[in-house]
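Biologist: Please put the sequence and the model up, and then I will go through some questions with you.

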Amino acid sequence: MGTPTKTIDLYKQTKIWKHFIKVTKKSPEKQTLVEELVDDAIGILDKISETFPTYTLHNGQHQLNILNLFEKLLGKRMKDVHALEAAILILSAFYHDIGMVFSKEEKEDLKNETYFNDFLAQNNRAKLNIEEDNGISDATAEWYCRWSHAKRVWKYLEPLDAKLEWEGTPLREALANVCLSHNETTDWIKEDTLDHNFWGCADLKFCAILLRLADVLDFDDTRTPAYLFQFLGLDNPTTRGEEISQQEWQKHIASRGFSFDAWNEDHNYTITYKANPTSPAIEQDIRNFLSYIERELHQCGSVLNFCSDRWKNFKLPNTIDKKNIKSKGYTFGDFKFSLDQEQVLSLLMGESLYDDKFVCIRELLQNAIDTSRHRKFYEQNNGNPDFEPQAIDIDTWYDNEGYRWIRIDDYGMGMTHEQISKYFLKVGNSYYNSDEFKVEKLRYKKANTDFTPVSRFGIGILSCFIVADIVEINTRSIQTDNKKKYPIRLSLKGLHNYYVLQTNKDLPSSIPNRDGLQKGYRKKTGTSLALRIQPNNDLPSFNLSTILDKTLFNPFVKINLIGKGEKGRYLQSINLNNLPILEYQMPSTDIKEIKEFLSRNSHINIKKLNPEIRVTPISLSRTFDHPNIKGLLYFITLTPNIEFEEGSNEYNKDLLSLKYSQNLKNALNLEVDNLKYNHSRDIVLSDLTDKIELFNKSTHFKHLFHTIILSHNGILVPNKDSSRIQLLDIRHTNLIILGHVELSDILRPNLSIARNKMTSIPWKLWSHLNFTIRKNIPSEYPHLKKANFLNAFITPKIKWNYTDLNDDEYFSNKKKWPSEKIFSNSYYPKKGDNYYSLIDILDQNFHFNWIFTRKGSTRLLLQKKLIELYSIYRITLCKKLIKGGKVILQKKASIKRGKNPSVLNKPNYPPLMFCEYINFDGLMPEKLNEQIFNSNHLFSKWLMNCYNYLDSHYQNHLYILLNNTDLAVINTTLEKLRSHLPDQYKPDPNLHLTEDDFKVDYDKIPFKDEEIGDEEK
């Protein structure tokens, strides 16, 4: 490469080198030593551009700039630089960044380096990357080498130990520490590690100051500014640094660097910076970086006091003149959107967001349950396998001034100072979403345990101020805070005030309790939180016990309401797998009413009517026990038992059927049809709920009789109105399903910000819950598995993407969905169909001719994903002669096991969006609609390659490509994408859809009954 040669030519022309040659003219061996060491460094630095392709010019230009900046900083004082100081400065310029280099062969060995564990300890995201990438990726290796490059200098200096001597004195440690100093704090330089009188002539502290400042001042158009890259957070491989290439930075940063015209030997001076930025965002970044440089100048000035007498009075620049930053094509200013903090906070805790003023109780209980579960997992993974957290206590009382207080005491993890400042008091920044917690979860995962909290949004504490004006907190963490472990007392008086935080060095204010005031810090690990309710919100209707009934359902930890006992535990003492079947006998008055209503139809004469309603409890762990799903469903079935008089018409249509109450939500209705008048009457089964134990436990549950009672980690999930989950009436089975489902950890529905409404159901929850229900259906209900049961599970929107499907282990585990009999003889299941699993179809060569489209129900999505994972799906065109001699086009589908059964196909687009057409070359036959795309067509090949990118960046264009049937619109969209997409994703210039892409050559298409070759089968 050209740069090293240029560097060899140029560094000897710098004034610092010429000064070195001058002061060592009687010691040519010293000149040879430094020259050889520089040549060695240049050879290694040349590899940085290979290691960091967007982090260039460390292989020569940066080092030359530093040497020239030494001259500018030293000015007339260059003459006072000792020969050894000049040698150290020159060598440090070339070696300080050498630790950035690693070869592909060395990458896997990085984990064995001395500093790698320190890197992981300080960078949780790096740990997560290694886990996600199953090893050290190039990005993580680069990140580590950037982070540790100053320390890794030792790696490259150790082999030079024998050579690195000055007048017989080892030089390696001195040089390594000067190189290390540029990445340490200025306080580190003040310490004794760097000698200000090394070998009686060299001030290593002063050398460190010059290197540090020259490195940060290398900010001009000769080099992509690495410091700016780091300063803006772009060196973290998980940030936008991956998206902003080095070429983009060169376009935007037109820096002309610093001028030292005002250099002064007697006092501090100002340096001038020049730049012509073309973007206000980049100009703001430049100005911020210059402010950082000014802080470095001031801090380095303070270090001079620790230098030798020769240099302690040396004058450094202390300010930067920014007047010559000239904006090109715009007026610079703080022109961007900003948020009014007071208004936003008021909005987030406003009543318009929450339908219940006392939603804070649910929020606080969720936090208390989460931290108690967290404590259990923490203890179990730290040598205490039998640990069980102490019960959560909740209390309410009036103080001497007549204010109501509500207090919750948990014995969970407690909070550190860092957690309070970074998460507890930061709106929308939950600890449970942090990298710190994700790293902790990795330990639980390795221990084959799972913990996924309810709390996710980080706005819980705000909700307290809907009803309260004061929040008092006393907490003691089980974890250390910067290796310190101490309790914390926090007082929050109002939403917009500054808060009072006290630690162990302060005398804590007391926290209110039922008996008055509790003095001192908290003694046990956990958190106490007390709310003072505003009088305007303390109404006679307030009932804490009722609120807890509406919030809790079988929480993992006991919750005690002081004075009332334990709350929220239901059916705990009952063996759910052995509950008896309930036979419900209708009252004679209801039967009489039904007879009278039906008798109005002269064609119906009923001899005997004895409807039988059976309630069968089905435990969701009866025969298949999912670790994250528990619960009890009630299968309520109706047998009409109608006997007609002789001569009556017996109607095929059921005259009696079960349905949910539309008006009375605590009962079922028996719908009675009078066919003659096309009327029906509802008979309310008013006392049925009293006979079902679950709905007998709480008045609140009776109002949930029409839905599935759903909870996650012990907190009831809002399940009402349009967002409710309901196992609907499967009409031809005359069945209604209700009951409760307890979810935990990773299986959780998505909720609104206020957490008062379900917004969607993740794919994995839908998949695992459906599978669990199916596996626990008892043998006396075989017809249920043949019914369209999957589509009977009606929910809010099922939220999924191809990643969700690929990550669902119930697809990859052949004992789960691949073995479940969900495929019927026909595309639309009907009575009498046989059902098969995908394994059956592949193993036994069953006839299979389902012609899928790109649309369909969730059940069809499940089936298509199974077929795509395990098999090759193909379509063959054929034609059929119908009445009148007309020929129509038909399709035959074939399915066979994939070429390598041990490797699952996991494409990055929806299942069966593309497949191979055996005897058709176009995009899809006859017209552009919802048919599967031909995978061999140019359009399909392009779309398969860029689907993921389009889905992330051009969703609207992707929607047009997949759903629009107008060829002109499709082609216009392709043309637009050619202008905007990166080169690797641009559509082929020849890709232009015409009617020919849908034409079928009927002469080459066989009739339906003609034999097809083996390949086509």
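Modeller: A disulfide here is a pair of cysteine sulfur atoms within 2.5 Å. This is a predicted model, in which local features need pLDDT of at least 70 and side-chain atom pairs count only at pLDDT 80 or more, while totals for chains, interfaces and linings use all residues. Residues are numbered from 1 along each chain as its sequence is written, and side-chain values use heavy atoms, with hydrogens and water left out.

Biologist: How many disulfides does a search of the whole structure find?

Modeller: Cys307 shows why one candidate fails: the closest cysteine sulfur, in Cys207, is 9.2 Å from its own, too far for a bond. Cys307 is also buried (under 20% relative accessible area; over 50% is exposed, and in between is partly exposed; 1.4 Å probe, protein chains only), at 4% relative accessibility. Cys878 is buried as well, at 1%. Over the whole structure, the number of disulfides found is 0.

Biologist: What percentage of the residues of the chain count as buried?

Modeller: The chain has 35 helices and 37 strands, which are DSSP runs numbered from the N terminus (helices H or I, at least four residues; strands E, at least two). Among contacts (heavy atoms within 4.5 Å) with a separation of 6 or more, 69% join residues 24 or more positions apart. Of the 1017 residues, the buried share is 53%.

Biologist: What is the order of the strands in the open sheet of 8 strands?

Modeller: Two strands pair if DSSP finds at least two bridges between them. In this sheet the pairing is mixed, and the edge strands, each paired on one side only, are strand 10 (500-502) and strand 15 (565-566). The order is 10-9-8-13-7-6-14-15.

Biologist: Which residue in strand 13 is the bridge partner of Asp410?

Modeller: Strand 7 (residues 404-410) pairs antiparallel with strand 6 (residues 392-398) over 6 bridges, where Thr396 stands opposite Ile406. Strand 7 also pairs antiparallel with strand 13, again over 6 bridges. Strand 13 is joined antiparallel to strand 8 by 8 bridges, and Thr475 stands opposite Thr527 there. The bridge partner of Asp410 in strand 13 is likewise Thr527.

Biologist: How many residues of strand 13 are buried?

Modeller: In a regular strand the side chains alternate between the two faces of the sheet. Gly526, Ser528, Ala530 and Arg532 point one way from strand 13, Thr527, Leu529, Leu531 and Ile533 point the other way, and all are buried. The count for the strand is 8 of 8.

Biologist: At about what angle to strand 7 does helix 19 run?

Modeller: Angles run from 0 to 180 degrees between N-to-C directions of lines fitted to C-alpha atoms, for helices over the stretch in contact. Helix 20 (residues 417-424) packs on the sheet against strand 8 (468-476), strand 9 (487-493) and strand 10, at about 35 degrees to strand 9. Helix 19 (residues 359-380) lies across strand 6, strand 7, strand 13 (526-533) and strand 14 (559-561), and its angle to strand 7 is about 15 degrees.

Biologist: How far apart in sequence are the parts that the pair of Phe771 and Trp817 ties together?

Modeller: Rings of Phe, Tyr and Trp (its six-membered ring) pair if their centres lie within 6.5 Å, with planes under 30 degrees apart stacked, over 60 edge-to-face and the rest tilted. Of the 38 aromatic pairs in the structure, Phe771 and Trp817 make an edge-to-face one, at 5.1 Å and 80 degrees. Both are buried, Phe771 at 1% and Trp817 at 0%. Phe771 is in helix 26 (residues 763-775) and Trp817 in the loop between helix 30 (809-812) and strand 32 (823-824), so the sequence separation is 46 residues.

Biologist: How far apart in space are Phe914 and Met944, C-alpha to C-alpha?

Modeller: Phe914 is in strand 36 (residues 914-917), is buried at 8%, and belongs to one aromatic cluster with Tyr909, Phe933, Phe939, Trp942 and Tyr947. Beyond four places in sequence, Phe914 touches residues including Ile932, Leu943 and Met944. Phe914 and Met944 are 30 residues apart in sequence, and their C-alpha distance is 8.4 Å.

Biologist: Which residue has Lys151 over its face?

Modeller: A charge sits over a ring if NZ of Lys or CZ of Arg is within 6 Å of the ring centre and within 35 degrees of the ring normal. Helix 10 (residues 138-148) has 9 of its 11 residues buried, so it is largely enclosed by the rest of the structure. One of these buried residues has Lys151 over its ring at 4.8 Å from the centre, and that residue is Trp147.
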